[in-house]
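Q: Could you take a close look at one pair of packed helices here and walk me through how they meet? I would enjoy a connected account.

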Amino acid sequence: MGSYRITEVEPGILLLELIRPHRRNALSSNAVAELHREVDRIGGDPEIRVVILTGEGSSFCSGADIKADPSDSNDTDGTAIGTLFGSASSDLVRSLAAQELMASLFEKIHRLRQPVIAAINGHAHGGGFALALASDIRIASQSASFGAVFIKHGISACDMGTSYFLPRLVGASRSAELLLTGRVFDAMEAREMGLVVDVVDHSDLLDRALSTARLITENSPLAVWMTKETMWQTLDAPSLRGALDIENRTQIMCTTSGDVLNAFHAFSEGRKPTWSAL
């Protein structure tokens, strides 16, 4: 596709690159529609274990393409929301449809059963910042920068999931400061606040992301899926009891796959376990 490139870098590890470097990898409506279809395909492929998300050139993603022309919005019929682009007479309805199209993509990426590692190679501003937040793990190059810059354009900084993810990742007070000022901050500050897990040289970024992906693929596919899903669900649990109920059901479900017994046998025999396929 014209907006992204897919590469299987190793068995089970997929590299998804945004390839609109001339627009700092900004996402047009067509690009978002294409990515919706690709993410649906990835989610339905049991052979894919981890997704590494990055951008080509000097930017990770600069968010929505505000300079897109009408031809950048003619491929949205692949989504239910996209049909509104052609049928709605109201600018308000069309704007809401475009907003929903992108926001629901980030939600879909967040809800993928596969872990998503954002390898942030440059600017992650606006919607690109939200895209990084929607990923499970964030690793940055030294040239990366971040910012919820929506407020600089006269709109709320709470956009595309930022008001949900950011306080959960860095705390409410720090989140308020970043959202209310809209300031851009660098990779080292992002690491200090716990937003990214590591900062590396640009040339080492994909290798660093790949090393984490390999560690994930050593584990049971079902256990990885259930760990990702359970962690994010219990983050929203209303109580410890609610979190424990989710965990207990997940653990019992995992034990029926046979992976626990395989792991015990492998340990006693001094070998790596063979996991059940999804």
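**A helix pair up close**

A: Helices α4 and α5 are oblique to each other. Do keep in mind that this is a predicted model. The axes of α4 (residues 127–134) and α5 (residues 162–170) come within 10 Å and cross at roughly 55 degrees. Angles under 35 degrees count as roughly parallel and 65 to 115 as roughly perpendicular, and therefore the crossing of α4 and α5 is classed as oblique. As for handedness, α4 passes α5 in a left-handed crossing.

Now to the residues that make the contact. From α4 come Phe129, Ala130, Leu133 and Ala134, and on the α5 side they meet Thr162, Phe165, Leu166 and Leu169. By class, this contact has seven nonpolar residues, one polar residue and no charged ones. A general point about helices helps in reading such a list: an α-helix has 3.6 residues a turn, so residues three or four places apart point the same way.

What about the rest of α4? Helix α4 is mostly covered, with eight of its eight residues buried. The contact residues Phe129, Ala130, Leu133 and Ala134 are among the buried ones, and Gly127, Gly128, Leu131 and Ala132 are buried too.

For a look elsewhere in the model, try Arg20, which sits in the loop between β2 (13–18) and α1 (29–43). Arg20 has a relative accessible area of 10%, so it is buried. Its side chain reaches the backbone oxygen of Ala26 at 2.5 Å.

Notes:
Residues are numbered from 1 along each chain as its sequence is written. This is a predicted model: local features need pLDDT of at least 70, side-chain atom pairs count only at pLDDT 80 or more; totals for chains, interfaces and linings use all residues. Side-chain values use heavy atoms; hydrogens and water are left out. Axes are lines fitted to C-alpha atoms, for helices over the stretch in contact, and angles run from 0 to 180 degrees between N-to-C directions. Helices (H or I, at least four residues) and strands (E, at least two) are DSSP runs, numbered from the N terminus. Angles under 35 degrees count as roughly parallel, over 145 as roughly antiparallel, 65 to 115 as roughly perpendicular and the rest as oblique. A crossing is left-handed if the near helix is turned anticlockwise from the far one by less than a right angle, and right-handed if clockwise. Contact means heavy atoms within 4.5 Å. Ala, Val, Leu, Ile, Met, Phe, Trp, Tyr, Cys and Pro count as nonpolar, Asp, Glu, Lys and Arg as charged, and the others, Gly among them, as polar. Buried means under 20% relative accessible area, exposed over 50%, partly exposed in between (1.4 Å probe, protein chains only). A polar contact is a pair of N or O atoms within 3.5 Å; within protein, one must be able to donate a hydrogen and the other to accept it, and residues adjacent in sequence count only if both atoms are side-chain atoms.
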